[in-house]
Amino acid sequence: MDEHFVTTVETALTRAGVCHAGATLLLALSGGADSVALLHALCAIRARRALIIRAAHVEHGLRGESSLADAAFCEQMCRSLDVPFTCDHAALPGGMIAPGAEARARDARYALLLRRARECKAVALLTAHHQDDQAETVLAHLLRGSGARGLSGMRERTTRDGVAMVRPLLTVSKQALLNALGDLPYRTDESNLTPCCQRNRLRAEVLPLFTREN
C-alpha cells in the first residue's frame, strides 16, 4: 500500500476528528477498488493510532451470483486482515434495470449501514467516495437544478440519522487510488459499466467530454 495514500487517509480522519485512540471506525465495504484501498489504508494506521476497524457489507440481491461472490470476497479479505465483518442481505426485487433500482439500493444500504454503526458504537461510518465520485455528484445536482449548496458536492464529514459519516478520499482521484492499490485484489461491479442509471451515464458519457475540454 502506497504510503502517501495512507498518509492522506490518516490526515483526513484526523481533520474529521475521528482518528484517536480507542475510536471504532466502521467502513462501508463493497469489495470494489475504492473501499478495498481504504480498508488497507485503515489497517496500515490501525496499530499506531490505536483504532478499532470494523467493516460492513450490504448485498443488495440485485446481481445474483456476482453479488454473493462480492460478499464472500469481502468476508475472506476481512478475515485475512483480522477485521470484524458483517454482511446484511437487502433482498431487493427487480434487478439493476428495474425503475428506481439505484435509489432503492442506496436507501437500503444506508439504513443497514447506519444500524450497524449504531450497534458497534462507531464514532464514524466511513465511505470510500473519491474525487471522481464528487464530480459525478456535482453534475447530477446541476442537472437536477440544485442551488449553491448542492453544487458544492459532498462534504468530508456529515451527520446522518445521528451517525457521523466521513469520506476521507474526496481529494483522491480514481487513478491515484488504483495506483495506491497496486496488485491488491478487488471486485468489479459489472453493472457500473452499463447505462442502467444516471450516475453510470455521467461517468461513461458526460465526464469524458469534460475531461477532453479540461
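Student: The axes of which two helices come within 9 Å, and at what angle do they cross?

Tutor: In this predicted model, the axes of H1 and H2 come within 9 Å and cross at roughly 70°.

Student: Why are H1 and H2 called roughly perpendicular?

Tutor: The term covers angles of 65 to 115 degrees. The crossing is at roughly 70°, so H1 and H2 count as roughly perpendicular to each other.

Student: Which residues make the contact between H1 and H2?

Tutor: On the H1 side they include Phe5, Val9 and Leu13, and on the H2 side they include Ala41, Leu42 and Ile45.

Student: Why are H2 and H3 called roughly parallel?

Tutor: Angles under 35 degrees count as roughly parallel. The axes of H2 and H3 cross at roughly 15° and come within 12 Å, and therefore H2 and H3 are roughly parallel to each other. The crossing of H2 and H3 is right-handed. Among the residues in contact are Val36, Leu39 and His40 of H2, with Phe73 and Met77 of H3.

Student: What makes a group of residues a nonpolar core?

Tutor: The members are buried residues of nine listed types, joined through side-chain atoms within 4.5 Å. The largest such core here has 40 residues, and among those touching the most other members are Phe5, Leu13, Leu39 and Leu42. Elements giving two or more residues to this core include helix H1 (3–15), helix H2 (33–49) and helix H7 (174–181). H2 gives the most, with 9 residues.

Student: Which residues is Leu13 in contact with, leaving aside its neighbours within four places in sequence?

Tutor: The contacts of Leu13 include Leu25, Leu42, Ile45, Leu126 and Val166. Apart from the largest core lies another core, of 13 residues, with Ala28, Val58, Leu112 and Ala117 among them.

Student: What is the strand order of the open sheet?

Tutor: The 6 strands have the order E3-E2-E1-E4-E6-E5, with mixed pairing.

Student: What makes E3 and E5 edge strands?

Tutor: Strand E3 (85–89) and strand E5 (157–160) each pair on one side only.

Student: How do you know that E5 and E6 pair?

Tutor: Pairing needs at least two bridges. E5 and E6 have 4 bridges, in the antiparallel sense, so the cut-off for pairing is met. Arg160 stands opposite Val163 in E6.

Student: Which strands do H2 and H3 touch or lie across?

Tutor: H2 packs on the sheet and touches E1, E2 and E4, with its direction making about 160° with that of E1. H3 lies across E2 and E3 and runs at about 170° to E2.

Student: Why does Asp82 count as exposed?

Tutor: Exposed means over 50% relative accessible area. Asp82 has 62% relative accessibility, so Asp82 counts as exposed. Asp82 is found in the loop between H3 and E3.

Student: Why does Lys121 count as exposed?

Tutor: The cut-off is again over 50%. Lys121 has 69% relative accessibility and therefore counts as exposed. Lys121 lies in the loop between helix H4 (101–119) and E4.

Student: What is noted about phi in Asp82 and in Lys121?

Tutor: Most residues other than glycine have a negative phi. Phi of Asp82 is near 60°, a positive value in a residue other than glycine. Phi of Lys121 is near 55°, which is also a positive value in a residue other than glycine.

Conventions. Residues are numbered from 1 along each chain as its sequence is written. This is a predicted model: local features need pLDDT of at least 70, side-chain atom pairs count only at pLDDT 80 or more; totals for chains, interfaces and linings use all residues. Side-chain values use heavy atoms; hydrogens and water are left out. Buried means under 20% relative accessible area, exposed over 50%, partly exposed in between (1.4 Å probe, protein chains only). Contact means heavy atoms within 4.5 Å. Axes are lines fitted to C-alpha atoms, for helices over the stretch in contact, and angles run from 0 to 180 degrees between N-to-C directions. Angles under 35 degrees count as roughly parallel, over 145 as roughly antiparallel, 65 to 115 as roughly perpendicular and the rest as oblique. A crossing is left-handed if the near helix is turned anticlockwise from the far one by less than a right angle, and right-handed if clockwise.
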